[in-house]
Amino acid sequence: MLDIPILAAALVIAPQPNVQAQIGPQDYPQAHLEAEHSAAALLEFVVSPDGKIENCRVLSFVGNEALTKAMCRLERQSSWRVARDGDGNPAYGVVRTLFKMTIPGTVDGDRITRMSQASDVELTVQRLPAGISSPFDVKVELKVDQSGAVQICQPNSDAVIPSALAKIACDQAMGLKMGPVSGRSGPLPGFIIEQKVRFVASQSVPATSN
């Protein structure tokens, strides 16, 4: 049976986009559009408590390297709902997201279009609960202190997940050590971040017959 764990404390909430940006030819630098360049980059940036996007950087990329330099500029123009701490107050949030700019019908464009963001943690289990297919992703919200230690882990409140998997995901996440993150004014005093924990079953559950 699927359920959402009941938590006594208020949920910490990671930043979320207000509007999903639609990237099209109008967003391309003209030289890259004419050259039919495509690229994808894993971006990391800070959403400040007043909603400003700070310190965007490229963690990794595929495709045209020069094109990725335009991605942070475009991301700074987007709108995000601010993170909230356990008391409901605005907090610093850190986002790591896969940003893609592609031209359909090109080799790189079609390859990059099929890409998806990798999980932050992957766990292999013997099997998953009945009704859950492998792989299964659990998103958790983490409150991280200035040193990078995880203080709070809670499952994403928008998802219905087995409570046992939520507990395992948070048990793993609590052992993570994040590197320090800086904003416009220097190292953050702490932040909220969403992480994706992927469960992969080593055994499939036999199908039942009627």
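**Note on the predicted model**

1. Over residues 1-9 the pLDDT (the predictor's confidence in each residue, from 0 to 100) stays under 50, and for this stretch the model has 17 contacts (heavy atoms within 4.5 Å) beyond four places in sequence. Where pLDDT is low, the predicted coordinates should not be read in detail. The protein as a whole averages a pLDDT of 85, with 88% of the residues scoring at least 70.

2. This is a predicted model, in which local features need pLDDT of at least 70 and side-chain atom pairs count only at pLDDT 80 or more, whereas totals for chains, interfaces and linings use all residues. Residues are numbered from 1 along each chain as its sequence is written, and side-chain values use heavy atoms, with hydrogens and water left out.

3. The protein has four helices and 13 strands (DSSP runs, H or I of at least four residues for helices and E of at least two for strands, numbered from the N terminus). Of its 210 residues, 40% count as buried (under 20% relative accessible area, with exposed over 50% and partly exposed in between; 1.4 Å probe, protein chains only).

4. In helix H2 (residues 65-75), the buried residues are Leu67, Thr68, Ala70, Met71, Cys72, Leu74 and Glu75, and their cover includes helix H1 (30-34) as well as strands S2 (39-47), S3 (53-63), S4 (80-81) and S7 (93-101).

5. Asp85, in the loop between strand S5 (83-84) and strand S6 (90-91), deserves a look. Asp85 is buried yet has no salt bridge (a side-chain nitrogen of Lys or Arg within 4 Å of a carboxyl oxygen of Asp or Glu), and the nearest side chain of opposite charge (Lys and Arg count as positive, Asp and Glu as negative; His and the chain ends are not counted), that of Lys143, is 5.2 Å away. A polar atom of the Asp85 side chain does, however, lie 2.9 Å from the backbone nitrogen of Asn89.

6. The whole structure contains seven salt bridges. One of them joins Arg111 to Asp108, with the closest N and O atoms 3.2 Å apart; because these residues are three apart in helix H3 (residues 107-113), about one helical turn separates them. Another joins Arg198 to Asp137 at 2.7 Å, N to O. This pair links distant parts of the chain, since Arg198 belongs to strand S13 (residues 190-201) and Asp137 to strand S9 (residues 136-145), 61 residues apart. Glu44, Arg57 and Arg96 are joined into one network by salt bridges that share partners.

Notes
A polar contact is a pair of N or O atoms within 3.5 Å; within protein, one must be able to donate a hydrogen and the other to accept it, and residues adjacent in sequence count only if both atoms are side-chain atoms.
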